[in-house]
Amino acid sequence: MADFGFDASLRLHKTDEFSSVFAFRRVVRGRYFALHYCPNEAGKPRLGLVVAKKLAKRAVQRNLVKRIGRDVFRHACASLPAYDLVLRLSAKVADVTKLTMREDMHSLFERLPRQAGDTRG
């Protein structure tokens, strides 16, 4: 039975952690999201979320995007390589359905290179 929790060890917390992922300059792009990634030494994937006010005006929207992102990550976590991931909203989501956001996020996780050493993207 898989554990679908999202404890602190699966999150990026510090600005330095986010900065190192962005500095690695590897990204997989979808219609509404960009998934930045870089290998880590933690031995398991970790996630950070970036949802700009410019793209999701209301706090309710931003919180929904983050909640869906964490949920998709939790379910995909067992099959992901040891990467630090930053899921960043890259397009306005005013009229986007939850299912569409979920599918876009899921496709990004599937398109990640499978080995942490394989950084072609």
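Start with the sheet. In this predicted model, four strands make an open sheet with mixed pairing, and their order across the sheet is 1-2-4-3. Select residues 27-29 and then 46-50: these are strand 1 and strand 3, the edge strands, and each of them pairs on one side only. Look along the sheet to see the twist; neighbouring strands are turned against each other by 20° on average, direction ignored.

Next, keep strand 3 selected and add residues 83-89, which are strand 4. Strand 3 and strand 4 run in the parallel sense and are joined over five bridges. Show the side chain of L47 and look across to strand 4, where L85 stands opposite.

Now add the helices that pack on the sheet. Select residues 15-24 for helix 1, which touches strand 2 (33-39), strand 3 and strand 4. The direction of helix 1 makes about 95° with that of strand 2. Then select residues 98-110 for helix 3, which also packs on the sheet, touching strand 1, strand 2 and strand 4. The direction of helix 3 makes about 30° with that of strand 2.

Leave helix 3 on and add residues 59-76, helix 2. The two axes come within 10 Å and cross at roughly 45°. An angle from 35 to 65 degrees counts as oblique, so helix 2 is oblique to helix 3. The crossing of these two helices is right-handed.

Show side chains where helix 2 and helix 3 meet. On helix 2, select L64, V65, I68, G69, D71, V72, F73 and A76; on helix 3, select K98, M101, R102, M105, H106 and F109. Colour this contact by class: nine residues are nonpolar, two are polar and three are charged.

Finish with the aromatic rings. How many aromatic pairs are there? The count comes to two aromatic pairs. For one pair, select Y37 and Y83: the ring centres are 5.1 Å apart and the planes stand at 55°, so this pair is tilted. Zoom out to place the two residues: Y37 is in strand 2 and Y83 is in strand 4, so the pair ties together parts that are 46 residues apart in sequence.

Key:
Residues are numbered from 1 along each chain as its sequence is written. This is a predicted model: local features need pLDDT of at least 70, side-chain atom pairs count only at pLDDT 80 or more; totals for chains, interfaces and linings use all residues. Side-chain values use heavy atoms; hydrogens and water are left out. Two strands pair if DSSP finds at least two bridges between them. Axes are lines fitted to C-alpha atoms, for helices over the stretch in contact, and angles run from 0 to 180 degrees between N-to-C directions. Contact means heavy atoms within 4.5 Å. Angles under 35 degrees count as roughly parallel, over 145 as roughly antiparallel, 65 to 115 as roughly perpendicular and the rest as oblique. A crossing is left-handed if the near helix is turned anticlockwise from the far one by less than a right angle, and right-handed if clockwise. Ala, Val, Leu, Ile, Met, Phe, Trp, Tyr, Cys and Pro count as nonpolar, Asp, Glu, Lys and Arg as charged, and the others, Gly among them, as polar. Rings of Phe, Tyr and Trp (its six-membered ring) pair if their centres lie within 6.5 Å; planes under 30 degrees apart count as stacked, over 60 as edge-to-face and the rest as tilted.
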